[in-house]
Amino acid sequence: MSSWITSSLGDAAHVGGKAASLGRLLRLGRPVPPAFVVKDALFRHLLGQASEEDDLALLAARLGAAAWPRSFPETLEAALAALGGTRFAVRSSFALEDDPQALAAGVFTSCVDVSAAEVPAAVRTVLASAVSPAARAYARSRGRKALTAPVAVLVHPFRPAHASGHVACGSGPAAHTWVQHGQLDDETKATLAREALAIAATLGPSELEWLLDAGGITWLQWRPFVPPRREPWVPTEGETAPHALQPLDPVSAGWVWDASHNPEPLSAAQAGLVALADTQAHPGYDQRVIGGYLFYRRSAPSAAPPLSVADAEALVDALCGHLDEAWLRWQGAPPLEAALTTWLAGYEPLLGQVGRVVREGRQALERFVAAHLPAHQAELPRLLGGVPSKATRRVALWRALRGAGNEEAEARALSCLLGEFGDEPAAWDVAAPTLRETLARPRLPRPEAPAPPQEASSRDVTLEALAQTLPAPDVALLRAHVDHARRCVALGEADDWLYARLQAPIRQALLALGASLHTEGKLDDPALIFELPLPVARALAAGSPAPAELNAQARAGKALREAQRCNPPHLPREGLPGALRGFGTGGRASGTVHLHRAGGNTPPSDAILVATSILPTELPLLNVAALVVETGGPLDHVAAQARERGLPAVVGAEGACTRLRQGEQVWVDADAGVVKSLEEVTPVPDPPR
């Protein structure tokens with residue numbers, strides 16, 4: 001038609017992804033609207049010389065201020081007249097759209113239902129979306145450049161519709177179809193599904209945008225479709241090795257997935273520790289690693305006598321003293337067998353005795369409140385909140401570190417933090433780096449630091465309010481139960497802290513062994529030692545020669561753990577009380593809830609982002625573990641981008657922002673379209689680590 005506009009809907013290299021998709025449908029004989037394309041030449045003319053690193057605001061301003069080429073307004077007016085009609089849709093058709101490697105769902109702008117006089121401004125608006133932060137972030141995430149030609153604009157008549165939406169399907173006669181949006185009768189739904197399957201038979205798995213009016217169905221867009229995974233892995237029992245991918249039926253076998261402590265597959269080294277504890281310690285739990293994940297079930301109680309809370313506190317202090325003495329003997333280099341012996345010596349007392357005291361102390365308060373104050377059971381968290389413990393001390397030391405005003409104060413705060421909490425890892429796995437390693441500091445002494453001042457909390461107010469509702473004899477019982485339960489809360493925090501300290505020597509011993517094997521050329525990376533079965537590591541530490549295939553064995557273990565991460569135990573869609581349900585995009589992940597707020601803090605990469613809605617242009621700027629959105633459907637732009645990125649997402653999860661709390665641990669099963677709090681999954685209290 002001209003150097004600026006073409007009515008030929010050819011390949012994407014000339015007219016962009018969206019226009020090319022209409023061309024594909026047109027060549028299949030499918031009804032599409034008449035259209036023309038404003039070619040990439042206009043974008044280059046308005047933008048002038050530009051590079052991928054130029055300031056985006058500057059590029060957008062240049063696009064908005066540049067004069068039209070002399071012949072463009074008349075050419076555009078003639079093209080609009082040739083289309084007919086009075087209202088138009090002006091849509092992006094860029095190189096980064098509707099390509100199998102770059103769908104860019106919702107990243108770029110479309111202006112619909114505009115008059116002929118408004119089309120020029122709409123063209124500028126669409127072109128400006130090519131230089132948005134979302135466009136640049138999306139392009140880089142796909143290994144592409146945001147300014148890649150063509151940056152074109154698709155224009156076609158806007159048609160009011162009785163209904164509109166999306167339909168998607170795989171290829172083949174048995175392929176599943178999804179029809180979204182529109183108030184449709186069954187016959188129309190069947191027609192859409194049948195037509196989509198016919199298109200997919202030629203173009204492959206397809207997602208199509210459609211509208212329905214008096215003239216029937218019109219297709220507005222095609223793009224490749226990656227269906228959500230339909231068959232989640234459900235484990236059943238019968239494994240012969242810790243990392244075998246055999247299945248487990250946890251309900252019938254009495255096993256419970258320890259998702260609250262171990263939502264990720266365990267390293268081979270940690271799986272070896274589980275097997276060692278299961279055969280040599282008897283804390284009242286059986287444990288088993290199945291498909292890489294930790295499961296447990298109640299067994300016979302520990303044979304050790306029950307303890308009072310004071311005796312349990314004394315036991316924790318004694319175990320700390322034994323561990324400190326061991327570190328002095330080892331002089332910072334613990335032998336593996338000695339570290340394992342020390343760990344086992346503390347394992348059963350912590351889980352079988354201290355853990356029992358912690359559990360029974362809280363249960364006693366819960367029973368009292370249920371019997372005497374049944375209408376106030378929801379207030380239990382307030383009664384047990386703000387207990388001076390390892391948790392509150394950890395928070396105080398972090399605050400001191402972050403608030404340090406100079407290098408000397410920072411060094412002092414860091415010394416206190418690492419001296420007391422440096423052995424804690426980010427996950428309950430011996431393969432996980434400790435805080436001391438993360439902050440890249442040498443092992444520091446454990447200096448004393450003043451405890452943070454205890455602030456007045458709602459606990460006292462709540463306790464006094466409840467006391468007013470009870471007879472005098474029961475008030476004394478309530479106070480005794482609360483004081484006892486609060487001591488147990490602090491004891492439980494000390495229990496977790498000590499367990500991390502007991503496991504740290506094993507990590508140090510394995511790291512030293514890995515470093516030695518790396519120096520000998522037996523391991524490419526010292527950290528691969530954690531991917532070897534623990535019996536192999538113990539034999540190597542005892543002096544057995546390293547086999548030639550040791551490095552390959554470790555790499556195979558690492559690859560297997562990555563495969564297991566993609567196949568966690570399945571939480572079924574039904575039978576989960578309190579679970580949120582929506583439309584899943586495929587995949588599963590666990591993490592901590594981060595409630596999305598406009599202009600709020602950027603969520604961490606391991607967060608589960610929970611939002612009322614998400615703009616498609618926000619998604620390229622976000623890097624999270626999974627997404628939960630109250631609005632939307634399986635074929636909307638957010639879901640499409642999530643599938644493209646391999647990001648587990650559940651959309652249309654009504655009530656997510658009110659039912660999920662900031663910082664709550666949750667499990668997102670985007671295969672089943674379920675979001676479940678991990679804090680509610682465990683039916684047996686106090687699972688082992």
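Buried here means under 20% relative accessible area, exposed means over 50%, and partly exposed is whatever falls in between (1.4 Å probe, protein chains only).

**View 1. The whole protein, for orientation.** This is a predicted model, so local features need pLDDT of at least 70 and side-chain atom pairs count only at pLDDT 80 or more, while totals for chains, interfaces and linings use all residues. Residues are numbered from 1 along each chain as its sequence is written, and side-chain values use heavy atoms, with hydrogens and water left out. Of the 689 residues, 51% count as buried. The protein has 21 helices and 20 strands; these are DSSP runs numbered from the N terminus, helices being H or I with at least four residues and strands being E with at least two. The accessible surface adds up to about 30,500 Å², and carbon and sulfur atoms own 55% of that (Shrake-Rupley method, 1.4 Å probe; for residues, only the protein chains shown count as cover). Take the contacts (heavy atoms within 4.5 Å) between residues at least 6 apart in sequence: 69% of them join residues at least 24 apart.

**View 2. A five-stranded open sheet and two helices that touch it.** The strand order is β1-β2-β5-β3-β4, with antiparallel pairing; two strands pair if DSSP finds at least two bridges between them. At the edges sit β1 (5-6) and β4 (110-115), each pairing on one side only. Helix α1 (residues 12-27) packs on this sheet, touching β1, β2 (36-38), β3, β4 and β5 (151-157), and its direction makes about 120 degrees with that of β3. Helix α2 (residues 40-47) lies across β2 and β5, at about 125 degrees to β5. For these angles, axes are lines fitted to C-alpha atoms, for helices over the stretch in contact, and the angles run from 0 to 180 degrees between N-to-C directions.

**View 3. Strands β3 and β4, with two aspartates that have positive phi.** Four bridges join β3 (residues 87-94) to β4, and the two run antiparallel. R91 stands opposite S110 in β4. In the loop between β3 and β4 sits D98, whose phi is near 55 degrees, a positive value in a residue other than glycine. D98 is buried, because its relative accessible area is 4%. D113 is in strand β4 itself and also isn't a glycine, yet its phi is positive at about 60 degrees. With a relative accessible area of 36%, D113 is partly exposed.

**View 4. The cis bond ahead of β5.** Look at the peptide bond from A149 to P150: it is cis, with omega near 0 degrees. P150 is found in the loop between α6 (133-141) and β5.

**View 5. Q353 in its helix, and A333 in the loop before that helix.** Q353 belongs to helix α11 (residues 336-372). Its relative accessibility is 15%, so Q353 counts as buried. Leaving out residues up to four places away in sequence, Q353 touches A304, P305, L307, L315 and E348. A333 lies in the loop between α10 (309-330) and α11. A333 is exposed, because its relative accessible area is 55%. A333 and Q508 are 175 residues apart in sequence, but their C-alpha atoms are 7.2 Å apart in space.
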